[in-house]
Amino acid sequence: MLFSYGLLIASFFVFVITAIYSSLSDMRKRSVNSFTFLPMFAVAALYYALIHDYYLTAFTLTIAAATFIRTDSYIYLILPVAAFIMAMILGCLSIGSTIAVVLTLLGYRETLFGIGDVKAEVSYILAFQYISRPLFGASVFAISFLIYLSIFSVLAIAAFYVHATIIGLKFRGIHLAYDEAEYSRNRQKYRVIGSGDQAIMSYRMPFLVPINLAALFAVLIGLPQMFI
């Protein structure tokens, strides 16, 4: 148990650095370096190796490898599926590893999630699904992480709509009408769709911020009592 707590402290230190850097990068540039979350994958793989859970070490390395492959490649789909089957056969499948597989698959072609978001979500789940459990009793990190992620994502989206309304931007459905002045000041924050009078601006939400907040709350607080 002392070893687990020691590794938890080290893992949390790595997480804090990763979270701060990735949040600032996402807010400023709406992008993050591909290798930003590699230390979190390494923390997870190292933990499993040190407790001689080599099946989960292999699982973690396989999932990590998938997130560094082109998301429009079929290999991107094959690797997490193979990892899931391996975990199921070898008896090391858990709620956390199952959610990690699902999130990885949802990153295919970056239709629902950007690959940076997927790396963050999956690496955090694999690094903390067991290490942090003593901090919040019987609750499961992966589930509490998803709950907090939903809450913070909704709050982030609501905050954007409130801010946009306050500064006088006009909406067209869920998007914004094209505003030359706003776009010129914040090119990295918007994606322009269409042209002329039909042009709209799609806001590029820095989702790494709610992802990092969700992981922080899941580690330090865990699930509220109503969910345990």
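Buried, on this tour, means under 20% relative accessible area. Keep that cut-off handy, and remember that the model on your screen is predicted.

**Stop 1: Thr-67.** Select Thr-67, which sits in the loop between α3 (54–66) and α4 (74–90). Buried or exposed? Its relative accessibility is 2%, so Thr-67 counts as buried. Now show what surrounds Thr-67. Setting aside neighbours within four places in sequence, you'll find it in contact with Phe-41, Tyr-76, Thr-104, Ile-115, Val-118 and Lys-119. Two of the next stops pick up from that list.

**Stop 2: helix α2.** Phe-41 belongs to α2, so colour residues 38–50 next. This helix has 13 residues and reaches 18 Å from its first C-alpha to its last, close to the 18 Å expected at 1.5 Å a residue. Its buried residues are Met-40, Phe-41, Val-43, Ala-44, Ala-45, Tyr-47 and Tyr-48. If you look down the axis, a bit of helix geometry helps: with 3.6 residues a turn, residues three or four places apart point the same way. Before leaving, step just past the end of α2 to His-52, where phi is positive, about 65 degrees.

**Stop 3: helix α6.** Jump to residues 115–128, which make up α6. How many residues of α6 are buried? The count is 14 of 14, so the helix is largely enclosed by the rest of the structure. Its end C-alpha atoms lie 20 Å apart, in agreement with the 20 Å that 14 residues should span at 1.5 Å a residue.

**Stop 4: the largest pocket.** Select Asp-117, Tyr-203, Arg-204, Met-205 and Phe-207: of the 34 lining residues, these lie nearest the centre of the largest pocket. Turn on a surface and look for a volume of about 940 Å³. The elements giving two or more residues to this lining are α6, α7 (141–166), β2 (175–177), β4 (200–203) and α9 (208–220). Colour the lining by class and you should get 17 nonpolar, nine polar and eight charged residues.

**Stop 5: the second largest pocket.** Keep Tyr-203 selected and add Ala-159, Phe-160, His-163 and Lys-189; these five lie nearest the centre of the second largest pocket, which has 15 lining residues. Here the space is about 260 Å³. Which elements give two or more residues to this lining? They are α7 and α9, with α7 supplying the largest share, four residues. By class, this lining has eleven nonpolar, two polar and two charged residues.

Definitions and conventions:
Residues are numbered from 1 along each chain as its sequence is written. This is a predicted model: local features need pLDDT of at least 70, side-chain atom pairs count only at pLDDT 80 or more; totals for chains, interfaces and linings use all residues. Side-chain values use heavy atoms; hydrogens and water are left out. On a 1 Å grid over the protein atoms alone, a cavity is a set of points where a 1.4 Å probe fits but cannot get out, and a pocket is an open set with protein on both sides within 12 Å along at least five of seven lines; lining residues have an atom within 4 Å of a point. Grid points are joined across faces, edges and corners, and a volume is the space filled by probe spheres set on the points. Ala, Val, Leu, Ile, Met, Phe, Trp, Tyr, Cys and Pro count as nonpolar, Asp, Glu, Lys and Arg as charged, and the others, Gly among them, as polar. The expected span of a helix is 1.5 Å times one less than its number of residues. Buried means under 20% relative accessible area, exposed over 50%, partly exposed in between (1.4 Å probe, protein chains only). Contact means heavy atoms within 4.5 Å.
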